[in-house]
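Work through the two exercises below with the model open. Each one has a task and a stepwise solution.

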Amino acid sequence: MNHDPYYWGRPSDEVYGQYNYNIANAKNVEQHNQNNSNFPKMNTQQPIITGTSVISSKFKNGIIIAADNVGSYGSLMRFNNIERLIKVGSQTIVGISGDISDLQYIQRILDELEIQQEVYDNDGGDFLIAPNVHEYLSRVMYNRRSNMNPLWNSIIVAGFDSEKKPFLRYVDLLGVTYHASTIATGFGSHLAIPLLRNLIPENKDYINVNEEQAKKVIEDSMRVLFYRDARSGEVYSYAVIRLNEETGKIEFEFNKKTKVEDQKWRFAKDIRGYGSTQH
Amino acid sequence: MFRNNYDNDTVTYSPTGRLFQVEYALEAIKQGSAAVGLTSKNHVVLVALKRNAEELGSYQKKIIKIDSHMGVALAGLAPDARVLSNYLKKKAMENKLIFDKQIQTYKAVLSIADKAQENTQGFGSRPYGVGLLIAGYDETGSHLFEFQPSGSVLEYFGAAIGARSQAARTYLERNLEIIQQETEVEKLIVHGLNALRDTLSQDVELTFKNTTVAVVGKDQEFITYDDEDVQQWLDKLDSVSNARNREEETEENTEENTHETNNEDNQDHPTNEDRMETDE
């Protein structure tokens, strides 16, 4: 018997000669003749160009979300102009980390969604808000993972719900979803979440935090990530969506090419390890 | 035998630019019993007259719930309406599943309009033989649409379709301003039943068996009242037969008994015209 994993259980060639697929008019003859690969069909096994963390937080009357502009090829900083925050509709931001080609695919389907839902046959009023966008993305992500062909991303959807309360929810390549007042993906879930939770210990506490406080912690988090996440960059984008309580209108602020400020590198000379031979 | 050479299919225009098969489909709506819809700022009401094929048979279903915020009333071929309402139900569920959101009435209506339009442009197909009144309440408020087999949809404050529906439209037109200002659902339903009452033929009255009522609106999920549940609304009416008949009745009552027997004869033998319209 052949013990090769791809031919397991078949008669071994050494003993019986090459298997003749034409025996009994086997239907898979053509397939075997054309496709000489030793592997069965394969989908994405790993991301190629990647984006690192997205970090986000609610505050009293809005949300803030940030992501840097780096696209890494392994440990190489291959691109530094990747925009990973996508605006959907007038009051929703989708932040994406993970595979950049999958990010671009998601960007495309979100554009299509916007055209379909907000332009075609729209009589006004029926606009996509953050919970709708999140539900849609979670269906896409879960469908892809169920086909064993996931979109290799972690996604944060930020905006407002139908009651004009801040909305922040996560979905990833497995179709897992959860909501929280502070969410970070990738390395950020280790480095930024402690800082964010320091500001907002429990989900309900976001109402005690104002925009300046949230923004400061996001800036601090981006700095810490730039210090310690070797796939991160110095330049990042951040978006603030806030409800103006006087006018009742939702304000949208999208800032690009923001730099990590107040960098102090004195601690760096003391860093040891990371495979270095110096001690 | 044929009215003309241009009504065999929907791919051929008549020289005057008409599509006769589509026009015949619109006629099919008028064969069905009446359905009336009316809106106020926060509510939409549908009322309809149900027929029973024979004395021992059940009454037809005239109002179909689509979702918790939307429903339709039909006039014409009931099987076609079932197909269309199942499609609407599917669309409504899809929208909930994919977007976690109830489908907007306008979009739901356009989805069946597109479906119906396709049937007016193919050789082997027949246009739907049913008209629908679609009532919905969504984030853009209360809406009432009329759907036609031609694929056209129009929004109305008040609309009526089916047999003798002109009488109901006349009532709605005359009372439009009062109806629009109405804040209480109860009164809106009474206006609906008044309009429906005007469509009745001579020998028919509104009863809890042949009347169906549905409401949807702000903080009010789509609800249908049938059979015993309708009686509460009929009790609010001053009369369950239409005005024309009431005038005749009072005239006849003041006259001698011989006329009453005549009246009974009339009931046993409704005019040919009536019979055509009441048979489905």
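**Exercise 1. Find the strand partners of S12(A), starting from S3(A).**

Step 1. Strand S3 (residues 62-68) of chain A pairs with S12(A) in the antiparallel sense, over seven bridges. Strands are DSSP runs of E, at least two residues, and helices are runs of H or I, at least four, numbered from the N terminus. Two strands pair if DSSP finds at least two bridges between them.

Step 2. Check the register: A:Ala66 lies opposite A:Tyr238 of S12(A).

Step 3. Turn to strand S13 (residues 250-259) of chain A. It runs antiparallel to S12(A), joined by eight bridges. Here A:Ala239 faces A:Phe254.

Step 4. Inspect the hairpin of S12(A) and S13(A). Six residues separate the strands, and A:Gly248 has a positive phi near 75°.

Step 5. Judge the cover. In S12(A), residues 235-243, eight of the nine residues are buried (under 20% relative accessible area, 1.4 Å probe, protein chains only).

The model is predicted: local features need pLDDT of at least 70, side-chain atom pairs 80 or more, while totals for chains, interfaces and linings use all residues. Residues count from 1 along each chain as its sequence is written, chains are lettered from A and ligands numbered from 1 in written order, and side-chain values use heavy atoms, without hydrogens and water.

**Exercise 2. Describe how H2(B) packs on H3(B).**

Step 1. Helix H2 (residues 78-99) and helix H3 (residues 105-118) of chain B meet at about 135°, axes 10 Å apart.

Step 2. H2(B) is therefore oblique to H3(B) (neither under 35 degrees, over 145, nor 65 to 115).

Step 3. The crossing of H2(B) and H3(B) is right-handed.

Key: Buried < 20%, exposed > 50% of the residue type's maximum accessible area, 1.4 Å probe, protein only. Axes fitted to C-alpha atoms, helices over the stretch in contact; angles between N-to-C directions. Left-handed = near helix turned anticlockwise from the far one by under 90°.
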